[in-house]
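Open the model in your viewer and keep the sequence panel beside it. The stops below say what to select and what is there.

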Amino acid sequence: MSAIGNIPVPINEPILSYAPGTPERTALQAAIKELGSTVTDIPVVVNGLEHRPGKTINITSPQRHRHQLATVHQAPAALLQDAIDGATEAQKDWEHWAFADRAAVFMKAADLLCGPWRARMNAATLLGQGKTPHQAEIDAACELADFLRFNVHYAERLLHEQPISVPGVWNRLDYRPLEGFIYAITPFNFTAIGGNLPTAPAILGNVALWKPSTTAVLSNWLFYQILQEAGLPPGVIQFVPGESATVSDVLIADSRLAGIHFTGSTPVFHQLWKRVADRLDQYRGYPRLVGETGGKNFILAHASADVDALITALLRGAFEYQGQKCSAASRCYIPRSLWPRVEEQLRAEMAMIKMGDPADFSVFVGAVIDQRAYNRLEQVLIAAKADPRVRIVAGGKCDAREGWFVEPTLLETTDPQHQIMSVEFFGPILSAYVYEDNQWDEVLTLVDSGSPYALTGAIFAQDRRAVVEADKRLRHAAGNYYVNDKCTGAVVGQQPFGGGRASGTNDKAGSILNLCRWVSARTIKETGNPAKDWRYPYLG
Ligand code: NAD
């Protein structure tokens, strides 16, 4: 085909309601039943072939930890080496595909995801990662489809970004993929991020080895099958679940490592960066390191805040998906004049939150992801109970009999430097510090310097002067900043996501800024009628 097709302008995938009586509710319930009554066998996929090399891990449900959902095979070193060889071989063809053909694969994947695969993807995210129907829908269906469609659209815009030419000369930028492979390491908490990290570079002709998180591997495996059904050629994205240490040892040691696309915790990203730095002189180029990492996200209330809006933002921001969103609110600063009302309302509303198995659609909060997370959060609560500087305002209990349940908890401390105000817990624990109304200036400094992270943050104020002051003083305190809204729920195409400081490289997933990291442009100057005399006129 010799046409230059325009990529359809994307719109955000509409969120289905799952209200009683809707067809999506019936479909999701059926998919939960079906997926929940089988043990899925998840292979390693290299060059389009499924491998079952022997060593396996059992995958269980966070809300029912005796319920086995899947068995996942672990890629051994030799197979990982084959995966690198196969991917670099596949790139020789893939990078020369017409952009329209590459784009078509990912646009088709989005359509398959939102159509025939939607219920299964949401069911896998609910069963495997403990999300409620709404949380699964906004992640595994809508955000992932948005990533695919918007990235294709942004990639097209990037390709159109061209230098000027002058008469007789045609200048072009050739957006080459990086030479080598991308190591995509994905977290448990968003199915959408799982799908985005290997596909964003691939849209631009890169090849990737995708190491999914063990605790998200069921939904990630379903998405990999969608990519295959959409026509992704073998070898372009190799699906390599495995032990982190083994996978990293092989991939980081290879001279063809061209980039790491990571989302996860700050310590792991530090480790990866250091290991790459140690081997720098052995790589063909400088590997691009893109990492979106931890957070200790704030909600700051001014004395003029609308309290009802503030309460809703605190509840949704801190406790949806059990506080396991990277953007979740985990520290808040409330003025003394508002605190009695805020405390009372939060306590009353928190008493109404239903915790349990999200397969029961009346549940708002599910279980935390695994035993490791449960133990960590339980320790935080034990320490809080014994600490005279901390008061448990609401919640504080844990229960691991059926699933990894940690109650939504509100802590209050009189010490703004206390570690409950600075350490990322990654669970349903919100810490509060009550400041004196006349210490607005001091509290802005506290919010800015209170934690090493700078991912998301929100200010609630009706007084415009307070909004303006906070905007200036908190400019570097968050990469996603909200005024009178909760600090979670960024939408692809609307609020490009990422933060600075210890929260990552802030390359804004699902935006043109992220895609820029996966190209290495070549400048081409072509001259129609080149000079044929070396002497310049001034020489005469
Ligand atoms: P994690 O760091 O434990 O794991 C992330 C991924 O890294 C997983 O696939 C894991 O298996 C892998 N991993 C762990 N050690 C590794 C190693 N040595 N080499 C290679 N890979 C390794 O994080 P998680 O528990 O999956 O996710 C939670 C964290 O992710 C939180 O800190 C959260 O704030 C962060 N997060 C950030 C964003 C963002 O956009 N900033 C988004 C989602 C999650």
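Select Trp534, which is exposed at a relative accessible area of 66% (exposed means over 50%, buried under 20%, partly exposed in between, with a 1.4 Å probe and protein chains only). Trp534 lies in the segment after β23 (519-527); strands are DSSP runs of E of at least two residues and helices runs of H or I of at least four, numbered from the N terminus. This is a predicted model, in which local features need pLDDT of at least 70 and side-chain atom pairs count only at pLDDT 80 or more, while totals for chains, interfaces and linings use all residues. Residues are numbered from 1 along each chain as its sequence is written, and side-chain values use heavy atoms, leaving out hydrogens and water.

Add Tyr536, Tyr538 and Leu539 to the selection: with Trp534 they make a nonpolar surface patch of about 600 Å². Patch residues have over 30% relative accessible area and no salt bridge, and nonpolar side chains (Val, Leu, Ile, Met, Phe, Trp, Tyr) are joined within 5 Å, like charges within 9 Å. A salt bridge is a side-chain nitrogen of Lys or Arg within 4 Å of a carboxyl oxygen of Asp or Glu. Accessible areas come from the Shrake-Rupley method with a 1.4 Å probe, and for residues only the protein chains shown count as cover.

Next, go to Gln91 in helix α2 (residues 77-94). Gln91 is buried, with 7% relative accessibility. Leaving aside residues up to four places away in sequence, Gln91 touches Pro177, Leu178, Gly180, Gly205, Asn206 and Val207 (contact means heavy atoms within 4.5 Å).
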